[in-house]
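Please look over the structure below before reading on.

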Amino acid sequence: MGPRQAGFARLLLSLLLAAAALAVSAQSPHTGFIRVSQGRFVDANCREFLFSGWNGWKVLDYGANKFSPPGFSSGQEFITDLFKRANSNNLNVLRFFTTGDDDQAVVLMQSPGNFNEYAFQGLDFVLDAADKAGIKLILVPSNLWKPNGGVPQFEQWCGTSNISYTPVSDIDLRTWQMNVTDRLQTPIWWYNSTTCRQQYKDYLAGLVNRRNSINGRLYRDDPTIFAWNLLNEPRCKFCGPQVVTDWYLDMAQFLKGIDPNHMITTGEEGFFSHLSPWEPANPNRGDYKWARWAGQDFVPNHDSPNIDFAVMHLWPDNWGNMTLPFGETWIDAHMQAAASLGKPLVMEEFGKNAAEGDIPAIRDPWFQLVYGKVNDSLSNGGVLRGALFWQWDGYGTGSRDNGSNIRETDTTFTDYIAPFSHRVAAAGDAQHKLAADIVAGCTPATPGAAAAPASTNATVVPPAPEVPNATIVPLVTAAGRRLLRWSSWNAWKTLDYATNKAAPPGYSSGQEFIRDLFKRANSSGLNLLRAFTSGDEDGVVVGWRAQGLDFILDEADKAGIKLVLVPLNLWKPNGGVPQFEKWCGTDQVNTSPVSAVVRSGPLNATERVQTPYWWYINPGCRDMYKDYLRGLVLRRNSINGRLYRDDPTIFAWNLLNEVRLPGTAGRLPGQFCEPQAVTDWYLDMAQFLKSIDPNHMVTTGEEGLFAYTSPYEPVNPYRRGYRWADFTGQDFIADHNSSNIDYAVIHLWPDNWSNQNLTFGRSWIEAHMEAAESLGKPLMLEEFGKNAVETDIATVRDPWFQLVYGMVSDSLRSGGALRGALFWQWEGFGTAPRTDNGSNIRETDTTFTNYIRPFSHRMAAGEGEDGGHTAAATVVPGCIPVAPSTPSLPRPSVLPPNTSVVSAGRRLLLA
């Protein structure tokens, strides 16, 4: 293009821009808060919000009149002009920092709890001026990189700034002493400290509850705010990805609790950890893959119902002189990852350094790449919904900042930023239609009540009380029932501890331990406990007056933990089937044959425990067990006054743990107790239990073995060619095929079942997923464990946990039948004896740190539903909300009254 052609093109562009600006000015403004619906940014009326944005660096300084650019009498005059220029260029979202660049910059908090009114009045001005100009704001409360108001300042306040040793609790892999740059990027002690977190939460509370001194709005009630960042570009070198993830999830939960009106996102660059399938897209320096160890992990970092959209940055110079092909791969990978999360993606910060004469050749191709990708995604309904370039100060003599700062006269601005912004604002041509339409499937927002008056601005407004475990047990909405995701465990002697029969080392009582157990469960993201009400050797047996079980239910309710209760166990004499056989008088029956069951001789002790055939079929024995169930269900809790049947703390009832009914080894199929005896017992008990407790779910408690007649029989475990599992009396499909049994369960015990291998484990789970699909019911891996001596945990036990949690995660993402897993077993203290042949778990085991806790946090953050990591607890299509009933003596709870868990299709839901 020659000079005259270029001049004509610019003239034509200016005319088009003017026309577009007039068209945009005639549009009605968006209403209310911007939010996410159906993967789109929408306003209160479901009108899609399209944007083109920019980053500003010293906005707070200008708003407080700390500085003013050349040609302006004050910083506030400049801000007013900046927004006017943004309007003329159809830039409508500004992201800026409330922290300082250097020691001269203003900051909002001068010390913990001591807010800077002068700085806040500057922020008040920026918010009010943006509102008048129709510009939305993304506020960044803190920055990893800058000492003035950034993480280094918070570390000084909290007392972690001088901690610099390595390694750190076997997490930091470095063997050298950290230099200043390393230490800046490794604030692990600050991330992990409860005190430091609380200081940051107090700071966020002061921001959110600030009342604007100009327009009188509380910040939390101001729709000018598009979203909050949590922290700009967090790093934690060689800490592993969980440190930053845990911090993000905690802060997002807190911030949503005190400001549910605004969207929240991370503020990170978007690196993938070494565990991510997208890790190859990371930047690197030659062969050094530094980004994988930076501490971020894009998918888990954004995988929370409290984080509304995903963000990424793009800095080709800062990251090692990356090329355009890298940039394209980087963006594509994040689009795929964001799609797996089911969330919109924003290129929140991107820039490229260029000397004055090199802008068209060096910087412009990167802007062409980014805006081309965003434009294509908008046109095609993709996840990438906007971009904010770095940076623009709105006047022609701004500092070049290594050549990344943009001027309006740059070709970057005239040829790429302005045209893109006008296409977004004015809807473009027919081929690239970007009109802000009403988003299909979006529900208009309900107007909120007026905000209560705020307290004095200069002091911290106390944050709203946090709901215990709020991310683990999501609240019910008026729209219906939300899908719950579980990470769960089994515990053996819970009832003994609750009755103070026993106390672990370091605890003054068993009840003190139970409280601490639930507290530890909360911190690890565990939210469902399966507990036995029968004893081990001479442990406590629950009866209708068992106050220990009352205590467990009440404490679990306070902690937001659900319980699967197991009233009876095949294996244990104390309160188990052997005890019921004694009470019923069938324990001495050991003759053969019995009715149609042919046996050639008496059973030995082991065989007899597994063959309570006479107890299963005896009407009097069944009635005795029903009386026991009735006593449980109709018990009134001595602490909170609830009937057990009305207590939503109970997730479900098992009918009987690991029912068996085999014959003796080596017999033919006809010589065994046929599976119908167990199936009949289950169906009878399920029907009875549902009749007296329709509120709770019921399941079997069985291992899930298939009968010899089942098409899934080949996946059963066996021992040296002997297919013992075929004739145990269980029949997975038949046993769960009742309208009174809400979901199916299986167990997995590779050692107890004759040293099965991982290939067996995968086949076992897959077969039950298929079988559960045929039943149209959810499936839970209710009990699984693996024996390992102390030194072999990582190589012997951990691969099984990796297998199980991997298959659960995959099922959740794909909408499969497998909805959760409960490992065996954990007692919440680090010195738990290695009983159970090494299957007991300690928190220090790699099993816990590398598999249980990461999986639990992903579940608490809302992993996976039908094609992705859906952050929010999903309202299941076709599900009918449960009509509320009158509770028995209701009490305050972390859940709404009468919120029980039910099943719908293959989903476990809150009623």
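The questions and answers that follow deal with a predicted model.

Q: Which strands stand at the edges of the open sheet with the order E9-E8-E7-E4-E3-E12-E11-E10?
A: This open sheet has 8 strands with parallel pairing. Two of its strands have a single partner strand each, so one side of each is left without a neighbour in the sheet. These edge strands are E9 (263–265) and E10 (310–314).

Q: What is the average twist from one strand to the next in that sheet?
A: The strand order is E9-E8-E7-E4-E3-E12-E11-E10. From one strand to the next, the twist averages 25°.

Q: Which residue in E11 stands opposite Ala 310?
A: E10 and strand E11 (residues 345–350) run parallel and are joined by 5 bridges. The residue opposite Ala 310 in E11 is Leu 345.

Q: Which are the edge strands of the open sheet with the order E17-E16-E15-E14-E13-E20-E19-E18?
A: This open sheet of 8 strands has parallel pairing. Direction ignored, its neighbouring strands are turned by 25° against each other on average. The strands that pair on one side only are E17 (697–699) and E18.

Q: What is the bridge partner of Asn 654 in E17?
A: Strand E16 (residues 650–654) runs parallel to E17, and 3 bridges join the two. In E17, Asn 654 has as its bridge partner Thr 699.

Q: Is His 747 buried or exposed?
A: His 747 is placed in strand E18 (residues 744–748), an edge strand that pairs on one side only. Leaving out residues up to four places away in sequence, His 747 touches residues including Arg 530, Asn 657, Trp 753, Trp 764 and Leu 781. Its relative accessibility is 0%, and buried means under 20%, so His 747 counts as buried.

Q: How far does the backbone oxygen of Gly 701 lie from a polar atom of the side chain of His 747?
A: Gly 701 is among the residues that His 747 touches, as are Glu 702 and Glu 703. The distance from the backbone oxygen of Gly 701 to the side-chain polar atom of His 747 is 3.5 Å.

Q: Is Asp 751 buried or exposed?
A: Asp 751 is found in the loop between E18 and helix H23 (758–775). Because its relative accessibility is 18%, Asp 751 counts as buried.

Q: Which residue has its backbone nitrogen reached by the side chain of Asp 751 at 2.8 Å?
A: Aside from neighbours within four places in sequence, Asp 751 is in contact with Lys 786 and Asn 787. Lys 786 is 35 residues from Asp 751 in sequence and 6.7 Å away in space, C-alpha to C-alpha. The backbone nitrogen reached at 2.8 Å belongs to Asn 787.

Technical notes
Residues are numbered from 1 along each chain as its sequence is written. This is a predicted model: local features need pLDDT of at least 70, side-chain atom pairs count only at pLDDT 80 or more; totals for chains, interfaces and linings use all residues. Side-chain values use heavy atoms; hydrogens and water are left out. Helices (H or I, at least four residues) and strands (E, at least two) are DSSP runs, numbered from the N terminus. Buried means under 20% relative accessible area, exposed over 50%, partly exposed in between (1.4 Å probe, protein chains only). A polar contact is a pair of N or O atoms within 3.5 Å; within protein, one must be able to donate a hydrogen and the other to accept it, and residues adjacent in sequence count only if both atoms are side-chain atoms. Contact means heavy atoms within 4.5 Å. Two strands pair if DSSP finds at least two bridges between them. Axes are lines fitted to C-alpha atoms, for helices over the stretch in contact, and angles run from 0 to 180 degrees between N-to-C directions.
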